[in-house]
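Work through the exercises below with the sequence and the model side by side. Try each task before reading its solution.

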Amino acid sequence: MSPDIASQISTWRAKAAEGELSVEDMRKVVELIRGDRKTAATSISEKAKKVRAKKEIKSADDMLSELGL
Amino acid sequence: MMIQFPEVLDSTLIGAYKSCPRKFFLGHVEHWKPKSQSVHLHAGGAFAKGLEVARNAFFSGVAETPVRETILTPEGAPGFRLTWKHQSCPLGDAALSEALGMGALLAAYGDFQCPEDSAKSASRMAGALEYYFDSYPLGADGMEPIVLPSGKRGVEISFAEPLELLHPETGNPLLYCGRLDMAASYAGGVYGEDDKTTSSLGASWSKQWDLRSQFTGYCWGLGKIGIPLQGFVVRGVSILKTKYDTQMAITYRPQWMIDQWYEMTIATVKDMLRDYAAGYWKPVFDQACTDYGGCTFRQPCMSPQPDDWLNTYFERRVWSPLTREETLVP
């Protein structure tokens with residue numbers, strides 16, 4: 001969870017403890033947390049793809065030159 | 001100090017006695033509780049409140065929102081406490097129900113200070129609730145709370161049924177009570193449902209529930225009130241600093257297993273009554289002292305003067321399994 005969202009949740013938590021958290025605030029908490037989690041999951045997945053792609057692409061010319069051909 | 005055998009027993013009390021009779025005596029006869037609350041209990045309670053509120057909103061159209069109420073403290077000074085206001089809301093609105101559940105979780109977590117080394121902070125618990133509803137969407141996870149004879153949905157069901165043994169002082173039948181997260185129709189049967197928050201979900205997580213007395217006792221209790229359960233669906237959510245995970249286990253409780261549980265429970269309660277009459281509560285001094293991060297009473301047991309520890313780091317709070325409230329003993 002990003003520090004910004006964790007900090008925002010602290011503010012909402014204080015409001016909740018005061019009995020002042022509105023239903024709109026509650027909806028925002030869910031939306032923000034869900035958005036943050038999905039973005040983090042996509043970002044991890046894209047990083048993994050990039051790493052895989054680097055490993056997979058090999059230049060045929062380089063390979064041949066390594067063999068002295 | 002006045003001590004009395006409890007009138008109402010549950011799986012926690014009986015489990016405490018089975019693990020160590022002295023632990024049961026200190027915690028549930030003398031009612032010693034640590035002054036500092038366990039993060040696991042507090043965070044788990046807030047998570048459970050969030051689930052309860054969301055399910056009641058979705059399936060019963062009851063919105064429970066936190067409000068601050070002005071009270072007078074025992075010392076006569078003005079103070080505040082959190083109470084819950086009930087209003088009607090649209091049935092079957094998943095987004096609204098999740099939002100109400102989230103508000104309830106944050107309010108129930110309150111200003112509790114999470115230890116630095118724990119992953120169960122308010123924001124991580126809020127994340128866990130969002131993850132739970134993403135994994136098990138309300139109304140679309142195959143579980144629908146049953147309608148009870150009272151017309152209410154089977155969310156947070158309580159029971160208190162008499163055992164065949166009497167209280168040593170009052171002569172009343174001892175009661176066995178429990179409270180389930182949910183009784184729901186699932187895969188063509190009726191199952192209890194229980195949600196567990198944990199630090200990790202290992203390969204053996206799902207195997208630990210097959211003989212768990214907590215669930216067999218719930219099946220016995222619900223059978224007594226005319227709601228026979230096939231077994232339990234247990235959902236675990238692991239809360240780590242960097243990620244969440246979940247597992248679901250299904251565990252069955254045929255009648256022969258419930259009968260054996262009852263026989264074992266009666267035998268255990270007879271042992272408890274014997275110890276109470278004798279005034280001797282055997283300390284186990286073994287594995288139970290270190291299980292689950294260490295017994296609450298480890299330090300008093302390691303001291304030749306346990307009362308010094310108890311009077312300094314503990315206070316006496318009486319927990320009522322029926323009202324689910326704690327009362328501080330002055």
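**Exercise 1. Describe chain A by its elements and its burial.**

Solution. Chain A holds three helices and zero strands, where helices (H or I, at least four residues) and strands (E, at least two) are DSSP runs numbered from the N terminus. Read from the N terminus on, its elements run α-α-α. As to burial, 17% of the 69 residues of chain A count as buried, a word that stands for under 20% relative accessible area, with exposed over 50% and partly exposed in between (1.4 Å probe, protein chains only).

Before going on, note that this is a predicted model, in which local features need pLDDT of at least 70 and side-chain atom pairs count only at pLDDT 80 or more, while totals for chains, interfaces and linings use all residues. Residues are numbered from 1 along each chain as its sequence is written, chains are lettered from A and ligands numbered from 1 in the order in which they are written, and side-chain values use heavy atoms, with hydrogens and water left out.

**Exercise 2. Classify the ring pair of Phe297(B) and Phe314(B), and place both residues in the chain**.

Solution. A pair of aromatic rings is described by the distance of the centres and the angle of the planes. Rings of Phe, Tyr and Trp (its six-membered ring) pair if their centres lie within 6.5 Å, and planes under 30 degrees apart count as stacked, over 60 as edge-to-face and the rest as tilted. Over all chains, a search of the whole structure finds 28 aromatic pairs. In the pair of Phe297(B) and Phe314(B), the centres are 5.4 Å apart and the planes stand at 15°, so the pair is stacked. The pair links distant parts of the chain, 17 residues apart, with Phe297(B) in the loop between helix 7 (255-278) and helix 8 (298-301) of chain B and Phe314(B) in strand 11 (residues 314-320) of chain B. Finally, Phe297(B) and Phe314(B) are both buried.

**Exercise 3. Find the largest nonpolar core and say which elements build it**.

Solution. A nonpolar core is a set of buried Ala, Val, Leu, Ile, Met, Phe, Trp, Tyr and Cys residues joined through side-chain atoms within 4.5 Å. The largest one has 47 residues, and Leu9(B), Phe24(B) and Val269(B) are those with the most contacts inside it. Elements of chain B that give two or more residues to this core include helix 1 (11-19), helix 2 (21-29), strand 6 (155-166) and strand 7 (173-186). Its largest share, eight residues, comes from helix 7 of chain B. Apart from this core lies another, of 45 residues, among them Ala43(B), Ala99(B), Leu106(B) and Tyr132(B).

**Exercise 4. Compare the length of helix 4 and of helix 5 of chain B with the expected span, and judge how far each is covered**.

Solution. The expected span of a helix is 1.5 Å times one less than its number of residues. Helix 4 (residues 94-109) of chain B has 16 residues and reaches 22 Å from its first C-alpha to its last, close to the 22 Å expected. Of those 16 residues, 13 are buried, so helix 4 of chain B is largely enclosed by the rest of the structure. Just after this helix, Gly110(B) takes a positive phi of about 60°. For helix 5 (residues 122-135) of chain B, the 14 residues should span 20 Å, and its end C-alpha atoms are 20 Å apart, which agrees. Helix 5 of chain B is mostly covered, with twelve of its 14 residues buried.

**Exercise 5. Contrast the settings of His31(B) and Arg324(B)**.

Solution. His31(B) lies in the loop between helix 2 and strand 2 (32-34) of chain B, and its phi is near 65°, a positive value in a residue other than glycine. Because its relative accessibility is 16%, His31(B) counts as buried. Arg324(B), in the loop between strand 11 and strand 12 (325-328) of chain B, has a positive phi of about 60° although it is not a glycine. At 39% relative accessibility, however, Arg324(B) counts as partly exposed.

**Exercise 6. Locate Asp195(B) and list its partners**.

Solution. Asp195(B) lies in strand 8 (residues 189-198) of chain B, and at 12% relative accessibility it counts as buried. Its side chain makes a polar contact with the side chain of Tyr132(B) (2.6 Å); a polar contact is a pair of N or O atoms within 3.5 Å, where within protein one must be able to donate a hydrogen and the other to accept it, and residues adjacent in sequence count only if both atoms are side-chain atoms. Leaving aside neighbours within four places in sequence, Asp195(B) is in contact (heavy atoms within 4.5 Å) with Leu51(B), Arg55(B), Tyr132(B), Asp181(B) and Arg235(B).
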